[in-house]
Amino acid sequence: MTSLPTHTEKALGLVIDLDICVGCHACVVNCKEWNTGGYGAPLSDQNPYGADPVGSWLNRIHTFEVEASDGSGCSSSEAQILANGKDARIVHFPKSCLHCEDAPCVTVCPTGASYKRTEDGIVLVNEDWCIGCGLCAWSCPYGAREMDAAEGVMKKCTLCVDRIYNENIPEEDREPACVRTCPANARHFGDFSDPNSDVSVMVAERGGMDLMPEQGTKPVNKYLPPRPKSRPVQSAPSDLAALAEPEAKGFLGWLDSALEKMG
Amino acid sequence: MHPASSIIVFTTLSGMGFGLIAMLGLGAAPSDGTAGLVVCALSFILTGIGLASSTFHLGHPERAWRALTQWRSSWLSREGVLAVVTLGIFAIYAALWVFAADRVAVVGILLTLLSLVTVYATAMIYGSLKTVPRWRTGLTPLCYLLFAVAGGALLAATVSALMGHGAENTLYAALVLMVIAWGAKFVWWNRSDRTTLASIGSSPETATGLGDIGKVRLLEAPHSSPNYLMKEMVYRVGRKHAQKLRLMAVALGGGIPVLALLAAVVSAGGGFILVIAVLSHLVGMMTERWLFFAEAEHSVSLYYGHR
């Protein structure tokens, strides 16, 4: 049934901290690894070792350059200076399904293969019903759905539904593969319907934001904006060469200055 | 958006086929059994090829029947259900016409309405997508509907002329509808040129949420080679030829058919020239539909540095 539930008991999703993400792609790789062996059809690659490889991925990292408009983002003395002389900062930007409250990908599905779960709000695809028409990919503003070229069905982030409830794996592993693997701790998993959950608190404290709110999709996943960069103290440049000299006092100091004078 | 040939064939042929059924329902084409056989067969061929073609791009065509189940929420599903219902009723109407030379007027009117609603549903598959601003307008279904009935009227007039029947009313209807349809398309094009992602307030800044810091530009794409999303939704090939192709679409899809219809009105016949008009119209419509997809920008492109 592709009508959306009016209410979900939980709203499970991710918080992605854009201040912390270093763009290492570990989440991308671990996502692919887990979801190739787990839920549903494997994520296939076409021509993986050839000149023009393509494949299905549920999580991709884009890297953006943000050019400061008013200097609030970074200071003039930063290393990241564009050729055109303006301030810029680099933001690594992981993107996967946002498990939207008003998920357009679910309602456009003609078969009932796409659905949003009432119990936890996860948006899933029943791969036995999917006809691979691709309309859900067209309706998603974020590019969260990809057609698997080998299976002919739509693949999307499952929020690792086969990990988070899986009693056969150690408890600490019962979170999405991307969250579990992130070496920088830039990704967090939790229930947004609980205002006291870690993710809700994080979003409240850091001003977590929605992507493309104008699309009206009400994404569950939130992004934490990069923190403003601190400005280094502006002062006259020090004589670094002098600092490198060993300090000489007393007799050695007198000898040192006397020998200097002799040239 | 990627202009898949299966989708172009689907929307143009099934549009024309259901447009023909709509015109037949209103009494177009001669009422004898032979003419009935020809036009009804033509309707079935056009809608049949169109609908079959729509399944060609599916990953699992054998499951296409499942697409008839979600009519409550999905325009694609509604389109499928309406097409099946319309063609089912049309089969009965056609059988009565061909074998009993009896065109049941009430059923005809019902078929006209159902055909129009089917074409409306086809258009709404695209017209309802928020992600493609230039499609999201009431003008999209209006154009689809007008092109369907204009093409249908042209076909009905052509068959009538070929079978030696005068069909002045149908000729006039085709002429008027053809002009109005392209007029509506001009309005659609005019709007689409002004309706961009930026004009609805979407930008790389809103897509990333980084607008508070400054202007956002893609530095590195997720992978070194293009992916499904880019091929499907960040399709930009041929946009530079858009103006030439628009001219071609208007000339072939509207200009030549209108001239041929005028000639047919004057010469009171002109079956052959109308056949050329039909073929020209079809090529023009496919060009128009190619542009409909190829020119459309999708919000995913904001993540890939293309507009």
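Student: What makes a residue count as buried, partly exposed or exposed?
Tutor: A buried residue has 20 or more other C-beta atoms within 10 Å of its own, an exposed one 12 or fewer, and a partly exposed one falls in between; C-beta atoms are placed from the backbone. By that test, 53% of the 307 residues of chain B count as buried. This is a predicted model: local features need pLDDT of at least 70, side-chain atom pairs count only at pLDDT 80 or more, and totals for chains, interfaces and linings use all residues. Residues are numbered from 1 along each chain as its sequence is written, with chains lettered from A and ligands numbered from 1 in the order written.

Student: Why is chain B called as compact as a globular protein of its length?
Tutor: Its radius of gyration, taken over C-alpha atoms, is 21 Å. The globule rule, 2.2 Å times the number of residues to the power 0.38, gives 19 Å for 307 residues. The two are close, so chain B is as compact as a globular protein of that length.

Student: What makes β4(A) and β1(B) a pair?
Tutor: Strands are DSSP runs of E, at least two residues, and helices are runs of H or I, at least four, numbered from the N terminus. Two strands pair if DSSP finds at least two bridges between them. β4(A) and β1(B) have 6 bridges, in the antiparallel sense. They therefore meet the definition. A:E65 stands opposite B:R217 in β1(B).

Student: Which element of chain B has the lowest mean pLDDT?
Tutor: Helix α8(B), at 91. pLDDT is the predictor's confidence in each residue, from 0 to 100. Chain B averages 93.
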